[in-house]
Amino acid sequence: MRRLFFLIFFSVSFFDLKAQQININPSIVEFHLQNIGSSETQVITITNNSSKTQSFEVSLGDWNRKVDGAHDYFKPNTKPYSCASWLTFDKNFLEIPAGKT
């Protein structure tokens, strides 16, 4: 069994994001695929707890964890163990009205 693990990062189109204005659940997605060629779908829910419509761009990227726990980020499919080519999104741009999911 091969275990695929990745983090989802969102590029937020505003700069004054304050704590608890958005909720992303789950923030870590794990896939446990049993067979070669099999697929799995998972849903990520984003809730806008702010008073304004918020816009998000969803993208993939590669990353390495440094010894100190920080990350270095790279363009997708540029690292030897990249899984970015295996993943797709239904939408890569989202607008979520205030108080909505």
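Side chains take turns along strand E9: Leu94 and Ile96 face one way and are buried, while Phe93 and Glu95 face the other way and are not buried. That is a handy place to start with this predicted model, whose protein chain has nine strands and zero helices. E9 itself spans residues 93-96, and E6 pairs with it in an antiparallel arrangement. Here's the rundown, topic by topic.

**The chain overall**

- Reading along the sequence gives β-β-β-β-β-β-β-β-β and nothing else in the pattern.
- The protein chain has 101 residues, and 24% of them are buried.
- Take the contacts with a separation of 6 or more: 60% of those are between residues 24 or more positions apart.
- About 7,700 Å² of the protein chain is exposed, with carbon and sulfur atoms supplying 50% of that area.

**E9, E6 and the nonpolar core**

- The alternation along E9 fits a general pattern, as side chains in a regular strand switch between the two faces of the sheet.
- Six residues form the largest nonpolar core: Ile22, Ile46, Phe56, Val58, Leu94 and Ile96.
- At least two of these core residues come from E6, and at least two come from E9.
- Leu94 and Ile96, the buried pair on one face of E9, both belong to that core.
- As a rule, nonpolar side chains in soluble globular proteins tend to be buried together.
- E6 and E9 are joined by four bridges.
- Across that pairing, Glu57 sits opposite Phe93 of E9.

**Around Ser50**

- Look for Ser50 in the loop that links strand E5 (45-48) to strand E6 (54-59).
- Ser50 has a relative accessibility of 10%, so it counts as buried, the cut-off being under 20%.
- Its side chain has a polar contact with the side chain of Asn48, at 2.6 Å.
- The Ser50 side chain also gets to the backbone oxygen of Lys52, at 2.9 Å.
- Setting aside neighbours within four places in sequence, Ser50 contacts Gln21, Ala98 and Gly99.

**Around Thr47**

- Thr47 belongs to strand E5.
- With 17% relative accessibility, Thr47 falls under the 20% cut-off and therefore counts as buried.
- A polar contact of 3.0 Å links the side chains of Thr47 and Thr101.
- Once neighbours within four places in sequence are left out, Thr47 has contacts with Gln21, Ile22, Asn23, Lys100 and Thr101.
- Gln21 turns up in the contact list of Thr47 and also in that of Ser50.

**Backbone oddities**

- The peptide bond between Asn25 and Pro26 is cis, with omega at about -5°.
- Pro26 lies in the loop between strand E3 (22-25) and strand E4 (28-33).
- Asn77 is not a glycine, yet its phi is positive, at about 65°.
- For background, most residues other than glycine have a negative phi, and most peptide bonds are trans.
- Asn77 is in the loop between strand E8 (71-74) and E9.
- The relative accessible area of Asn77 is 44%, so this residue is partly exposed.

**The salt bridge**

- Searching the whole structure turns up one salt bridge.
- The partners are the side chains of Asp72 and Lys66, with an N to O distance of 3.3 Å.
- Asp72 is partly exposed because its relative accessibility is 31%.
- Lys66 is likewise partly exposed, at 38% relative accessibility.

**Around Gly61**

- Gly61 occupies the loop between E6 and strand E7 (62-65).
- Its relative accessibility is 39%, which means Gly61 counts as partly exposed.
- Gly61 and Tyr73 are 12 residues apart along the chain, and 6.9 Å separates their C-alpha atoms.
- Not counting residues up to four places away in sequence, Gly61 touches Phe74 and Pro76.

Technical notes. Residues are numbered from 1 along each chain as its sequence is written. This is a predicted model: local features need pLDDT of at least 70, side-chain atom pairs count only at pLDDT 80 or more; totals for chains, interfaces and linings use all residues. Side-chain values use heavy atoms; hydrogens and water are left out. Buried means under 20% relative accessible area, exposed over 50%, partly exposed in between (1.4 Å probe, protein chains only). A polar contact is a pair of N or O atoms within 3.5 Å; within protein, one must be able to donate a hydrogen and the other to accept it, and residues adjacent in sequence count only if both atoms are side-chain atoms. Contact means heavy atoms within 4.5 Å. Accessible areas come from the Shrake-Rupley method with a 1.4 Å probe; for residues, only the protein chains shown count as cover. A nonpolar core is a set of buried Ala, Val, Leu, Ile, Met, Phe, Trp, Tyr and Cys residues joined through side-chain atoms within 4.5 Å. A salt bridge is a side-chain nitrogen of Lys or Arg within 4 Å of a carboxyl oxygen of Asp or Glu. Two strands pair if DSSP finds at least two bridges between them.
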